[in-house]
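Visitor: I'd like a close look at a single part of this protein. Could you walk me through one helix?

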Amino acid sequence: MKIMITGCHGQLGNELQSILNSGKSEIGAMPDALTGAVLLPVDIDTLDISDMAAVNDYVLSNKPDVIINCAAMTNVDGCETQLDVAFKVNALGVKNLAVCAEKIGAKLVHVSTDYVFAGNGTKPYCEWDKVDPQSVYGASKALGEKYALSFCKKSFIVRTSWLYGYVGKNFVKTVRRVIKANGGIGVVCDQRGNPTNANDLAHHLLKLAVTEEYGIYHCTGEGECSWYDFAAKIAEYSGLGDTVTPCTTEEYNAKFNVPTKRPEYSSLRNLALECTVGNEMRDWQIALKEYISKVED
C-alpha cells in the first residue's frame, strides 16, 4: 500500500509517519493492511497542493492508494487578512487532491476542524449538525470539506480540535514555555472544546484509511474542558505548580488585540467513530499526561 501524506513536516504528519514506521501508536497496534506501507511524504517544499498541475503530475506518477491531507493554513488570524492564501490551501488544495485521487481511484483522508461550526452550542456537535463557520479559517475549511466530498467518492472528512503533537508549535508547548519564562500565564476560561493528542488522531486516520467507511467523522480527545482547564493540567503535569490564571475572552482580546472570533463552545462528539470502526480516543487528561512525560520542549 502506498500512502501519500501532505503536510508531512507538521505535528500530525510527523505522527502518521512515526506510527507507520513503527507499526503502532500510543493507543496500540495498527491494522495488518498497513504493514510494509510505502510512504510518500510531501510538504510545501516538495509539493504545493494549490498547484493543480504539480499535484496532478505527482499523484499520477506515484499512484498512491491513500492520500492523507494534513496540509492547511491554520493561522486563524492570518486567514482573516490573507483570504487568497486561506482559499488556495484550505479549499483549492483539497479540491486538487480530491480530483486527482478520483482519477486513480485513491482514497482521500482530509483533516478538518471544529471551526466549521458556529461555536455557540450547548452540547457536543455531531457529524450531522449544521455547518456555520464564523471566520475565514472556518469558511475555507468548510469549503475544503465540500470539495473533498464532491470530487472524490472515496473521501473521509475527519474534524478535530485543539491539536498538539511532538514536533512544531502548539498550545501545550506555549503554556510550558511562557510559565517557565514569566512565572505564570493568563488563559481564557469561557471557551470550551476538546484537547486532542496528534498520536491518537493519527491512529484513527490510519484505522479509517484501510476501510470503505467513507463520510464525515469527528475525532477529538474524550471529555471537554476550557482552555484554562487545559492549561492548568499542563502546568500540573509539568510540575509547574499553580501558575495559570483564568480570564474572560473579552479581557484577553482587549489585552492582545485579537481580531478573530473564537468558538465559545465547539466540543465534538465522535459519533461516527463509535458507530463504525470504533472510538479508541483516550480521555484528554490521560493522553496529555503521557505526552508531557515524553515531550522535550
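Visitor: Which residues are buried in helix 4?

Guide: Happy to go through it. A note on the basis: this is a predicted model, where local features need pLDDT of at least 70 and side-chain atom pairs count only at pLDDT 80 or more, while totals for chains, interfaces and linings use all residues. Residues are numbered from 1 along each chain as its sequence is written, and side-chain values use heavy atoms, with hydrogens and water left out.

In helix 4, the buried residues are Ala86, Asn90, Ala91, Gly93, Val94, Asn96, Leu97, Ala98, Cys100 and Ala101. Buried means under 20% relative accessible area, exposed over 50%, and partly exposed in between, using a 1.4 Å probe and protein chains only. Helices here are DSSP runs (H or I, at least four residues) and strands likewise (E, at least two), numbered from the N terminus.

Among the elements covering these buried residues are strand 1 (2-6), helix 2 (52-62), strand 3 (66-69), helix 3 (76-81), strand 4 (107-113) and helix 5 (136-151), where contact means heavy atoms within 4.5 Å.

As for its course, helix 4 runs over residues 83-104, 22 in number. From first C-alpha to last it reaches 31 Å, close to the expected 32 Å; that expected span is 1.5 Å times one less than the number of residues. Helix 4 also has a kink of about 35°, centred on leucine 92, the bend at a residue being the angle between axes fitted to the seven residues ending there and the seven starting there. Just after the helix, glycine 105 takes a positive phi of about 75°.
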